[in-house]
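I have the model open and my notebook beside it. These are my entries, in the order I looked things up.

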There are 4 protein chains.
Amino acid sequence: MSVFPFEHPFLSGLTGDREIAALFSVEADMAAMLAFEAGLAAAEGAEGIIPAGAAAEIESRIKTFQPDLEALNQATARDGVVVPELLRQLRAAVGEPHATSVHFGATSQDVIDTGLALRLASAFNIFGARLDELVARLDALAVRDGAIEVMAHTRMQAAIPVPASRKIESWRAPLLRHRAAMAGVREGVCVLHFGGAAGTRDKLGAAGAAVALRLAVGLDLTVADTVRHAERDGIAGLAGWLSLVTGTLGKMGQDIALAAQSEVGEIRLASGGGSSAMPHKVNPVGAELLVALARFNATLLSGMHQALVHENERSGAAWTLEWLLLPQMVVGCGTALRTALSLVETISFVERSD
Amino acid sequence: MSVFPFEHPFLSGLTGDREIAALFSVEADMAAMLAFEAGLAAAEGAEGIIPAGAAAEIESRIKTFQPDLEALNQATARDGVVVPELLRQLRAAVGEPHATSVHFGATSQDVIDTGLALRLASAFNIFGARLDELVARLDALAVRDGAIEVMAHTRMQAAIPVPASRKIESWRAPLLRHRAAMAGVREGVCVLHFGGAAGTRDKLGAAGAAVALRLAVGLDLTVADTVRHAERDGIAGLAGWLSLVTGTLGKMGQDIALAAQSEVGEIRLASGGGSSAMPHKVNPVGAELLVALARFNATLLSGMHQALVHENERSGAAWTLEWLLLPQMVVGCGTALRTALSLVETISFVERSD
Amino acid sequence: MSVFPFEHPFLSGLTGDREIAALFSVEADMAAMLAFEAGLAAAEGAEGIIPAGAAAEIESRIKTFQPDLEALNQATARDGVVVPELLRQLRAAVGEPHATSVHFGATSQDVIDTGLALRLASAFNIFGARLDELVARLDALAVRDGAIEVMAHTRMQAAIPVPASRKIESWRAPLLRHRAAMAGVREGVCVLHFGGAAGTRDKLGAAGAAVALRLAVGLDLTVADTVRHAERDGIAGLAGWLSLVTGTLGKMGQDIALAAQSEVGEIRLASGGGSSAMPHKVNPVGAELLVALARFNATLLSGMHQALVHENERSGAAWTLEWLLLPQMVVGCGTALRTALSLVETISFVERSD
Amino acid sequence: MSVFPFEHPFLSGLTGDREIAALFSVEADMAAMLAFEAGLAAAEGAEGIIPAGAAAEIESRIKTFQPDLEALNQATARDGVVVPELLRQLRAAVGEPHATSVHFGATSQDVIDTGLALRLASAFNIFGARLDELVARLDALAVRDGAIEVMAHTRMQAAIPVPASRKIESWRAPLLRHRAAMAGVREGVCVLHFGGAAGTRDKLGAAGAAVALRLAVGLDLTVADTVRHAERDGIAGLAGWLSLVTGTLGKMGQDIALAAQSEVGEIRLASGGGSSAMPHKVNPVGAELLVALARFNATLLSGMHQALVHENERSGAAWTLEWLLLPQMVVGCGTALRTALSLVETISFVERSD
């Protein structure tokens, strides 16, 4: 048992998702924040807010910029956020006379929230592809095994026989709804955050909207009517969607684990986990993991909604709480989808012999 | 402190919402379940599944049917669900020869989940109207006070002055998004549940779809492609939406309580709560209640997502968990909207004197 | 589905607990608050803080005092707490010249939190008796069925046979630990709250401690070194204990539901719930309810711990959140114990036939 | 924003705790599991369950054993638990004829749960020392600033002045209670888990208890009457205690952030976080972090209590859920204590000037 099973040397094979976790690596985080700063310089240069030469210099320096991570670590402990020290380093790299043009009119939250939006855009792409593939595999399973008769169970008791396709459909139909809802969730999240100290772009005057539009277009994000520093419904909505997906997969996992019980045997697992005490057992490890991840995301979801109470123009408390919760939920969803894709390949429904 | 402040003799003035709570009264519950049974009889009569005379008799008897609540209470303790005893009573009221045509081909969950859908439809109407009115009142507040300069606060420290309209907009914009999302949430919830024992309408043969369509039309609900007994994403999505609304209002409440602090005084409350020890105080009772309700719904939301792990074709455990949680979340949202409507009428922004 | 299944006309047979719920009735609430006021007057009279005649008059009037509930309801909506209006009514009943001696030096939270402590003392008595009885019934079950061989299951797969006593012991042992821990939990909760406006008993001068001691003794509560208005660990600890009890019972319920599955049949239920579609079924209603209540209390527990962030000397937001959550958790625990007591009487382990 | 701020290259300075996190490193995890296997061999050798030569060989080999982490990672993905592959590697290292004596009569959960208990024992030592030191620092703060008069606030409004010592005491008193309760929590957690496949030590016959006692003594753990594989109240109780500690510190953080508001100024922060947009600000970063960590642990606590519903003799789902939650809660508590220790050193109460 280690702090973070999702990134652990030997647990991550079970509980991790390298593809999704990479989006939350320090490299990806830094690249996204620097993309914001480069895009901002370009947009402000084009709108004449900073000198064109400054914009070119900033964009150029960012390409080769290497942050001093240890200094960032120490400063983040003091500042509560990495951005002030990152800017200090970046301004030093840009040098005079353009150092003051770096991050002009922006605030820490602009950088961090936009950086997150950029990486979540990639996560949505992965989730979309995996959902499509999972539905396809369930379709294939239904084609192959759907006519097999299995026992329906209500309130943990045998009810009446139904075709396996009925069970498969109860897993598949919600996934289709989640897939369809994804675009709306993405729209609420993949938004440019650019508002300056208090969300009013006070240092940019009349050019604020134009800079924001250029920046958003450059980063392939939406620009919102007002800056959403303290409006966290988009990200809380994402948390809800992630938990709907893992919840649906948890139901599938629970169904499979029940049907694969030794005494029931309506689903056979081509492979499963071994036991240190009983080598003959085939444990429904993937199915159980789906249940665990469903309950995990259902648990964390509550904290993301607590963070909706984001006081004033920026809450250090509520914002930090999001940092502690959301990335795990994203990886949890990725792991669940990855696990479900494997699991569906290994199960087969079994004709009842009675 | 009493079990259910929402329905309590003296706490409900604070925490209750009579209009919403009425939708969960035994009268409303019974009326909705009987509407299902009457509609089912009508649809099955029209499709020739039961005799036309049976349908007419059932519909007629339901109009004057009075359940024996004490018998329902005892039987529910045994059966885990009210429907078997309700049907026993209803069949007795219908009498021979049509008693067996009552509830033909349906199951307990059909009645209860459809009954809930019918009442939630009314809840959405109330929520929609209140959201519209709340946005209108915030608009009016912005017109009246929006130009007043207030101090923006980030990380609990004074930052820079902004117009009050900026603060109002951070409350209003998410409400508009919740309002826009409501139709989709409603679509996931206001669905006919009619599947029989295992969701396959096994007793209706080829006529199942036609009966379902007639029944859905009669009840003004959507008919889903497959029966959603064990697919709980619609209702979990509703829980998420309810918590987004209360969370947004909780942020507004927190902002108002902070701005109304004695030392800050940027918002004045025309009225507030009295104190038993310090009669001079004006307590921001409504604002604090909004924070409490936000945290309440954020808490309960977790359990609604735990209930997504709804094993097999019907889970007594997960379904009962929903009963214990969802109605409270609906009332919590109603109370928050009601409270916010009053609160917005009593606040005014105060010109800074410095 | 209705707002509060615990107090519902036909659901409460299943999910309610009349004995525990009675502790949270308006009558019990009012009686406890008035016991505080009467005890306070007596203690202050004895210490010469208020005239002896005032104390006698207050105690006498309280005996026949009948509050105007509708007025309390309206005032609570305004004040956020029932106490100011209750005192207004009580002072009117006491009349001049002693009206001002009512509630002297106390604050709303003193009345409400002490009133809760008094009622929780009764709840602990009930819980203790039920835990003792439940352990006795499990002992009897072990005596009768303990030698029967059942299959142990790990990771949802048959492992090796064990005696039924092993399974029973895994239900019983944690209950014994909860029973042993109860005294400490009670000690953290059954505490006098008497601190006045800001917890310093500012109006009582040097006599504060003596009054508090007399009052505590009179109410059979502990007097704490400092007033705990804003220290909520006692009540959060109670919430944790309630959830440990329901969680242990939920594990028992889950085990029983799994062992009673049609395909497993290692536990037989003498009685269970009926089905509206399949009259032959015996549903493990009590076992499923235990799972639901475990998940319910595990859900609400989170909110009680959120309420630990109780800002300043009294937080309207955090305090109200407790009111919305704790009573339900107490009733949920009561219902689970009541249900477990019945369930254990109806199960029997079945000799395996293989 | 990255997956796990607690272990992140630049966020961990803020949110991490190297001392506690080290207890959950792969090295510490592996060392603890190997300590179990070495201790088991020694105990079984001494009791004649395995040959004395086998015990000596196993203990010797374990001293220099280096696991193949990549193989462990792959196998854990399949088995759901690291132990089978770890044993395969360890048996290969021990070689014939003693390989079969490795792990004799034990199961995966014995190794993992005992390994966790060993590391939690270290965590309690750290927590105890930090709590003592924090109380000492609060005492010193009370000595220095306790007589300064500050305004008490109830329901977010100024109430009456109180000495700062009153506020400090409301932070300190619960910490003393948590410190006193720690021994009981530790007792519930620092327990030997040794039960074999189904908790009955089936392969050890009459020697089971003697082996368990020797093993427990060797590891400085308690031996329980029955094996607690499926009894999770000890660990859920720990989770509750961790959240009580962070909740108490969150209340302190919230109080400090409120008192340090620009408009209030009753607490001065000697240092705080910088802002990228407003370099003049002193942000109460530590205070806000305490609030975030309180809400974080309050959130995760719910999932640890969901895991009490641990079906049968071992639940892969509930057990994995614990792995995903508990270590984070332990680190969260460590970080909160570390942060509070620093914060208390930097605050001073300010004499009111009015």
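**The axis, and the copies around it**

I began in the middle: among the residues of chain C, C:Ser302 comes closest to the rotation axis, its C-alpha at 2.6 Å. That axis goes with laying chain C on chain D, which takes a turn of 180° and a shift of 0.0 Å along the axis, with an RMSD of 0.0 Å. The two copies are thus related as by a two-fold rotation axis. For the contact residues of chain C, 100% recur in chain D, so the same surface serves both copies. Contact here means heavy atoms within 4.5 Å. The superposition is by least squares on the C-alpha atoms of residues with pLDDT of at least 70 in both copies.

Note to self: this is a predicted model, where local features need pLDDT of at least 70 and side-chain atom pairs count only at pLDDT 80 or more, while totals for chains, interfaces and linings use all residues. Residues are numbered from 1 along each chain as its sequence is written, chains are lettered from A and ligands numbered from 1 in the order in which they are written, and side-chain values use heavy atoms, with hydrogens and water left out.

I then tried chain C on chain B: again a turn of 180°, a shift of 0.0 Å along the axis and an RMSD of 0.0 Å. The copies meet through the same surface, because 100% of the interface residues of chain C are also interface residues in chain B.

**Chain A overall**

I noted 12 helices and six strands for chain A. These are DSSP runs numbered from the N terminus, with helices being H or I of at least four residues and strands E of at least two. Along the principal axes, the C-alpha atoms of chain A fill a box of roughly 85 × 40 × 35 Å. Of its 354 residues, 71% count as buried. Buried means under 20% relative accessible area, exposed over 50% and partly exposed in between, with a 1.4 Å probe and protein chains only. I also looked at contacts in chain A between residues at least 6 apart in sequence, and 77% of them join residues at least 24 apart.

**A:Met30**

Buried or exposed, I wondered about A:Met30? A:Met30 is buried, with a relative accessible area of 6%, and its place is in helix H3 (residues 26-46) of chain A. Not counting residues up to four places away in sequence, A:Met30 touches A:Pro67, A:Leu69, A:Leu72, A:Leu86 and also D:Phe10. A:Leu86 is 56 residues from A:Met30 along the chain, and their C-alpha atoms are separated by 9.4 Å.

**Helix H5 of chain C**

H5 of chain C spans residues 69-79, and its buried residues are C:Leu72, C:Asn73, C:Ala75, C:Thr76 and C:Asp79. What do they pack against? In chain C they meet helix H3 (26-46) and helix H6 (83-94), and in chain B helix H1 (12-15), helix H2 (18-22) and helix H11 (285-306). C:Asp68 caps the N-terminal end, with a side-chain oxygen 3.2 Å from the backbone nitrogen of C:Glu70. Just after the helix, C:Gly80 takes a positive phi of about 80°.

**C:Arg232**

I found C:Arg232 in the loop between strand E4 (222-223) and helix H10 (233-259) of chain C. C:Arg232 counts as buried, at 5% relative accessibility. Its side chain makes a polar contact of 2.7 Å with the side chain of C:Glu322. A polar contact is a pair of N or O atoms within 3.5 Å; within protein, one must be able to donate a hydrogen and the other to accept it, and residues adjacent in sequence count only if both atoms are side-chain atoms. Other contacts of C:Arg232 include C:Gln109, C:Asp113 and C:Trp319.

**Backbone oddities**

The peptide bond joining B:Glu96 and B:Pro97 is cis, with omega about 5°. B:Pro97 is in the loop between helix H6 (83-94) and helix H7 (108-145) of chain B.

I also listed two non-glycine residues with positive phi. C:His103 has a phi of about 65° and counts as buried at 4% relative accessibility. C:Asp220 has a phi of about 60° and is exposed, with a relative accessible area of 68%.
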